[in-house]
Amino acid sequence: MDDYNVIIRPLVTEQGMHFANLKGAYSFEVNKKANKTQIKNAIEKIYNVKVQKVRTANRLGKSRRRGRNIGQTSSWKKAIVFLDPDYHIDLF
């Protein structure tokens, strides 16, 4: 799997920016088949930073209704990447 296929997009939220400033933890939406080692290597290569650890979580899709039809949004995988204190990522 290519490094640019592992990382789908950064998750820019208010809580995510707080953790980025406080703990150096950045959250990303990643490929569901990617493991922690692939995520770490992709972040280090794309953003030129040093990663300490990676935490992952599988997020289930929510059920949604449109009239009488019931569907579900797609499931996805979230990765929280902790960087060394000397590094940071500029998302804006």
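# Group meeting talk: a walk through a predicted model

Let's start with one residue: E29 has a relative accessible area of 14%, so E29 counts as buried. Keep in mind that what we're looking at is a predicted model. I'll come back to E29 in a minute, but let me give you the overall picture before that.

So, the whole chain. There are 92 residues, and buried ones make up 30% of them. The chain has 3 helices and 6 strands. If you read along the sequence, the pattern goes α-β-α-β-α-β-β-β-β. Along its principal axes, the C-alpha trace spans about 55 × 30 × 20 Å. Now the contacts: take those in the chain with a separation of 6 or more, and 60% of them are between residues 24 or more positions apart.

Okay, back to E29. Where does it sit? In strand β2. What does E29 touch, if we don't count residues up to four places away in sequence? The list is V6, I7, I8, R9, L11, W76 and K77. Pick I7 from that list: E29 and I7 are 22 residues apart in sequence, yet their C-alpha atoms are 6.5 Å apart in space.

R9 is on that list too, and here's what the two side chains do. E29 and R9 meet in a salt bridge, at 2.7 Å from N to O. This pair links distant parts of the chain, with E29 in strand β2 and R9 in strand β1, which covers residues 7–10, and the two positions 20 residues apart. Is R9 as hidden as its partner, or out in the open? Somewhere in between: R9 has a relative accessible area of 43%, so it's partly exposed. A bit of background for anyone new to this: side chains of opposite charge can pair when their charged atoms come close.

How many salt bridges are there in the structure? There are 2. The other one to look at is K45 with D3, where the closest N and O atoms are 3.5 Å apart. K45 lies in helix α3, residues 36–47, and D3 lies in helix α1, residues 3–6, so this pair ties together parts that are 42 residues apart in sequence. Here, is D3 buried or exposed? D3 is buried, at 15% relative accessible area. K45, on the other hand, is exposed, at 59%.

Since we've landed on α3, let's stay there. Here's a little check you can do yourselves. Helix α3 has 12 residues, and at 1.5 Å a residue it should span 16 Å. If you try that, remember to multiply by one less than the number of residues. The end C-alpha atoms of α3 are 16 Å apart, so the two agree.

Which residues of α3 are buried? They are I39, A42, I43 and E44. Look at the numbering with this in mind: an α-helix has 3.6 residues a turn, so residues three or four places apart point the same way. And what do the buried residues of α3 pack against? They pack against α1, β1, β2, β3 and β6.

K40 is in α3 as well. With 29% relative accessibility, K40 counts as partly exposed, because the cut-off for buried is under 20%. Leaving aside neighbours within four places in sequence, K40 is in contact with V51 and V54. From K40 to V6 it's 34 residues in sequence and 9.9 Å in space, C-alpha to C-alpha.

Just past α3 there's a residue I'd like you to click on: N48, in the loop between α3 and β3. Most residues other than glycine have a negative phi. N48 isn't a glycine, and yet its phi is positive, about 55 degrees. N48 is exposed, with 61% relative accessibility.

Last stop, the pockets. What is the volume of the largest pocket? About 330 Å³. It is lined by 15 residues, and the closest to its centre are Q15, G16, S27, K78 and I80. Which elements give two or more residues to that lining? They are α2 (14–23), β2 (25–30), β3 (51–59) and β6 (76–83). Sorted by class, the lining has 7 nonpolar, 4 polar and 4 charged residues.

One thing to take away: β2 is the strand that holds E29, and β2 also helps line the largest pocket. Thanks, and over to you for questions.

Conventions: Residues numbered from 1 in each chain as written. Predicted model: local features only at pLDDT ≥ 70, side-chain atom pairs only at ≥ 80, totals over all residues. Heavy atoms only, no water. 1 Å grid on protein atoms, 1.4 Å probe; cavity = no way out; pocket = protein on both sides within 12 Å on 5 of 7 lines; lining within 4 Å. Points joined across faces, edges and corners; volume = space filled by probe spheres on them. Helix = DSSP H or I, 4+ residues; strand = E, 2+ residues; numbered from the N terminus. Nonpolar A, V, L, I, M, F, W, Y, C, P; charged D, E, K, R; others polar. Salt bridge = Lys/Arg side-chain N within 4 Å of Asp/Glu carboxyl O. Buried < 20%, exposed > 50% of the residue type's maximum accessible area, 1.4 Å probe, protein only. Contact = heavy atoms within 4.5 Å.
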